[in-house]
Amino acid sequence: MEKRRIAILGSTGSIGRQTLDVIREHRDLFEVELLTCNSSFMTLAAQAREFDANNAVICDETKYKALADALEGSDTKAFSGMKSVCDLVTSDSIDIVVASMVGFSGLAPTISAIKAGKVIALANKETLVAAGSIVMGLSKKYNAPILPVDSEHSAIFQCLLAAQGNKVRKIHLTASGGPFRTWDKEKITTATKDMALKHPNWSMGAKITIDSATMMNKGFEVIEAKWLFDTPVEKINVVVHPESIIHSMVEFEDGAVIAQMAEPDMREPIQFAIGFPERLPLGNKKLDFSKLGSISFSEPDLDRFPALGLAFKAIERGGNIPCALNAANESAVAAFLRDEIPFYGISDIAAECMEKIPYIANPELEDIFETNSQARSMADWLILSMKNKS
């Protein structure tokens, strides 16, 4: 495998750090060209120094001087702002862009990278949730492959590689069920952020951990799977699998099912994306089938986890509605993490924004950005109303 030059958007977050873990094991195969983060300038500077990155961008422009000072004496050039990220990802010195920024903020730089024909290792699911049709169209137009980093979509991708063109009957997305899988609805109503942040299997950032607790994350993965694999939503099934050993499955017309299995460790799908088509050795825990015990499956409960149902409704309506759902959810999750709304307030706010946002059947990119802004404003008003009633 020839050496690959990598940009990591969101390098100080969970996926970004684990991507650097993979690169650390294979320094001979990868060169870090660009690192970006929102505001953690000290961590960003330390990463840039360790991996001798050519460029580092802090999106919070008020932290630029702090980053520049922290990088003084190194060979890394410091930049600030989202425009710098969008400009630098187009550089000829970059082969692969790991898109791991959190939320809607990852859309603009991912589109810039796609238009420059880069290979995209996509960990930012909101990019396809908000603008799936646009992003996939650009991917084809500019010959910019999108390789999934989410463990579930990586699993589906790996299963489809074994399909050899055979017709797929169903895609089965597995879900851990999150920390409230066994709780009744009355108990879930009392859930606090500290409870919701205790995921039983995965170590992730705060936003995606809350999304896992509401199961909105799994709903977003349904939308993402539709676009990534060009599959009708009626062929995408969600099944709760609390052990998180089978990361997803593909079922064929004859009833045969191919599943991808591994320990719950994000470094495995990361290495598959940035090393594709080669599998790189990893110093991670391997499955021991003799000690695995039983594995179980069950149907998700849409009454206890209404966010999952909202995602299905959003993609069935299509247009700009998934974007509105994503924007409202981001605002509501942030409010829940600030202890401003109750747990079910997240899905209540998302549902109301979905219903009230003006519908656009075939949105252009500017419509997506406008919908995002409108839905956030609407969600913020609903959050304030909810706070005043409590």
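**Exercise 1.** Find the helix that holds Glu-221 in this predicted model, decide whether Glu-221 is buried or exposed, and list what Glu-221 is in contact with beyond its neighbours within four places in sequence.

*Solution.* Start with the helix: Glu-221 sits in α11, which covers residues 216-228. Next, take the relative accessible area, which is 1%. Buried means under 20%, so Glu-221 is buried. Finally, with those sequence neighbours set aside, the contacts of Glu-221 are Lys-125, Asp-150, Glu-152, His-153 and Leu-173.

**Exercise 2.** Describe how helices α1 and α12 pack.

*Solution.* Two packed helices are described by the angle between their axes and the distance between the axes. For α1 (residues 14-25) and α12 (residues 267-275), the angle is about 65° and the axes are 9 Å apart. That makes the two helices, α1 and α12, roughly perpendicular. The crossing of α1 past α12 is right-handed. Now look at the residues that meet: α1 brings Ile-15, Gln-18, Thr-19, Asp-21, Val-22, Ile-23 and Glu-25, while α12 brings Arg-267, Ile-270, Gln-271 and Ile-274. Sorted by class, this contact has five nonpolar, three polar and three charged residues.

**Exercise 3.** Classify the ring pair of Phe-157 and Phe-276, and place both residues in the chain.

*Solution.* The structure has eight aromatic pairs. In this one, the ring centres of Phe-157 and Phe-276 are 5.2 Å apart and the planes are at 50°, so the pair is tilted. Phe-157 belongs to helix α7 (residues 151-161) and Phe-276 to the loop between α12 and α13, 119 residues apart. As for accessibility, Phe-157 is buried at 17%, whereas Phe-276 is partly exposed at 26%.

Note on methods:
Residues numbered from 1 in each chain as written. Predicted model: local features only at pLDDT ≥ 70, side-chain atom pairs only at ≥ 80, totals over all residues. Heavy atoms only, no water. Helix = DSSP H or I, 4+ residues; strand = E, 2+ residues; numbered from the N terminus. Buried < 20%, exposed > 50% of the residue type's maximum accessible area, 1.4 Å probe, protein only. Contact = heavy atoms within 4.5 Å. Axes fitted to C-alpha atoms, helices over the stretch in contact; angles between N-to-C directions. Parallel < 35°, antiparallel > 145°, perpendicular 65-115°, else oblique. Left-handed = near helix turned anticlockwise from the far one by under 90°. Nonpolar A, V, L, I, M, F, W, Y, C, P; charged D, E, K, R; others polar. Phe/Tyr/Trp six-rings, centres within 6.5 Å; stacked < 30°, edge-to-face > 60°.
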